[in-house]
Amino acid sequence: MSTTSRITATALAAAVGMTALAACGSSGGDSADAKTVTLVSHDSFSASKSVIAAFEKESGYKVKVLMGGDAGKAVNQAILSKDNPQGDVFFGIDNTLLSRGLNAGLFSPYRAKGLDSVPAALQLDKGEHRVTPLDYGDICVNYDRGYFTRHKIAPPKSFDDLTKPQYKGLLVTENSATSSPGLAFQLATIAKYGDAGWQNYWKKLKANGLEVVDGWEQAYNDRFSGSAASKGKGDKPLVVSYASSPPAEVLGKKPAPKEAPTGVATGTCFRQIEFGGLLKGAKNEKGGKALLDFLLSKKFQEDVPLQMFVNPARKDAKVPELFTKYGATIGQPATLAPETITKNRDQWIKQWSSLVLK
């Protein structure tokens with residue numbers, strides 16, 4: 001799910017000591033130091049410098065963040081290195097990938113403080129507390145308002161619209177095998193068209209000029225024409241992103257516009273829930289538990305919307321006006337039961353790869 005302002009990740013990374021993960025794993029580094037707690041996450045993790053500093057002051061731990069690419073890659077790397085974990089806590093495994101981490105025995109049970117303030121619908125591992133819900137959002141197609149205004153074309157609203165001739169060559173999405181937003185979008189089409197129809201739908205998308213890239217950062221920040229980060233170089237006015245991405249394009253603009261420069265095709269959405277968990281074998285288990293408590297605290301939860309542009313998991317966390325004013329509210333996002341995803345995910349990804357990538 002989830003994003004370093006999903007646009008300002010690189011700029012904020014240095015503020016909280018973020019570094020990239022090595023492809024072959026690591027020895028855990030500073031996790032062996034009882035004064036350091038290491039958070040492993042995807043590239044879109046972000047938190048305000050002041051919020052991290054408050055936790056460090058209160059707890060006595062220094063936070064180190066290791067980022068490992070898109071969520072799919074980060075989860076796969078965590079599983080591959082589970083016998084020698086790279087850190088103490090993992091942030092960013094979502095409901096599309098959750099069973100993969102749980103079945104691999106990636107996490108140790110821990111009931112984080114503040115869990116009573118999280119709606120039951122978000123607590124997908126409520127019985128065992130191996131993971132803690134930390135945020136949620138809706139994966140949807142976003143569109144560049146300026147492009148469609150200039151070309152006098154109505155932006156798409158639904159999955160069916162995306163296969164129409166007027167949208168040929170306009171959509172970029174993420175690889176289902178390596179990206180959680182990409183997988184969520186695939187699952188949305190499965191929820192919409194069922195086992196009998198989703199593959200035919202993707203054949204139509206491919207025939208209509210679909211572009212596929214590895215992860216969200218590349219799709220949104222490089223290829224999407226509506227992203228400020230692309231600086232006009234992106235040429236795809238449609239991208240698979242978040243219903244809460246438009247506020248990111250407004251953040252810091254003065255005067256504030258009446259509407260965001262990007263919009264959301266509200267008939268293309270899938271609900272994504274992100275979790276954090278204490279990594280089994282963590283070298284600083286005590287620090288990891290303290291960090292999980294912090295991630296679910298109101299201080300961190302109220303920092304989430306304008307840092308990662310997703311909704312806080314806590315129902316009592318305040319959401320800023322900019323987030324609610326410019327983001328899209330999705331009343332009925334597509335969903336699939338976790339057990340259905342667990343049973344079929346790997347086969348669905350193989351089928352998708354064979355259809356779309358060849």
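**Close-up 1. Strand 6 at the lining of the largest pocket.** In this predicted model, strand 6, which covers residues 132-144, contributes three residues to the lining of the largest pocket and so gives the most to that lining. Helix 12 (321-326) joins strand 6 as an element that supplies two or more residues to this lining.

**Close-up 2. The residues around the largest pocket.** The space in the largest pocket amounts to about 240 Å³, and 14 residues line the pocket, with Asn311, Phe323, Ala328, Thr329 and Ile330 lying nearest its centre. When the lining residues are sorted by class, six are nonpolar, six are polar and two are charged.

**Close-up 3. An aromatic pair between Phe159 and Tyr201.** Among the 16 aromatic pairs that the structure holds is the one formed by Phe159 and Tyr201, whose ring centres lie 6.2 Å apart and whose planes stand at 90 degrees to each other, an edge-to-face arrangement. The pair links distant parts of the chain, with the two positions 42 residues apart in numbering: Phe159 sits in the loop between helix 5 (145-150) and strand 7 (171-174), whereas Tyr201 belongs to helix 6 (residues 180-207). Both Phe159 and Tyr201 are buried.

**Close-up 4. The aromatic cluster that includes Phe159 and Tyr201.** Phe159 and Tyr201 are also members of a cluster, held together in this description by ring pairs, to which Phe185, Tyr193, Trp202 and Trp352 belong as well.

Conventions
Residues numbered from 1 in each chain as written. Predicted model: local features only at pLDDT ≥ 70, side-chain atom pairs only at ≥ 80, totals over all residues. Heavy atoms only, no water. 1 Å grid on protein atoms, 1.4 Å probe; cavity = no way out; pocket = protein on both sides within 12 Å on 5 of 7 lines; lining within 4 Å. Points joined across faces, edges and corners; volume = space filled by probe spheres on them. Helix = DSSP H or I, 4+ residues; strand = E, 2+ residues; numbered from the N terminus. Nonpolar A, V, L, I, M, F, W, Y, C, P; charged D, E, K, R; others polar. Phe/Tyr/Trp six-rings, centres within 6.5 Å; stacked < 30°, edge-to-face > 60°. Buried < 20%, exposed > 50% of the residue type's maximum accessible area, 1.4 Å probe, protein only.
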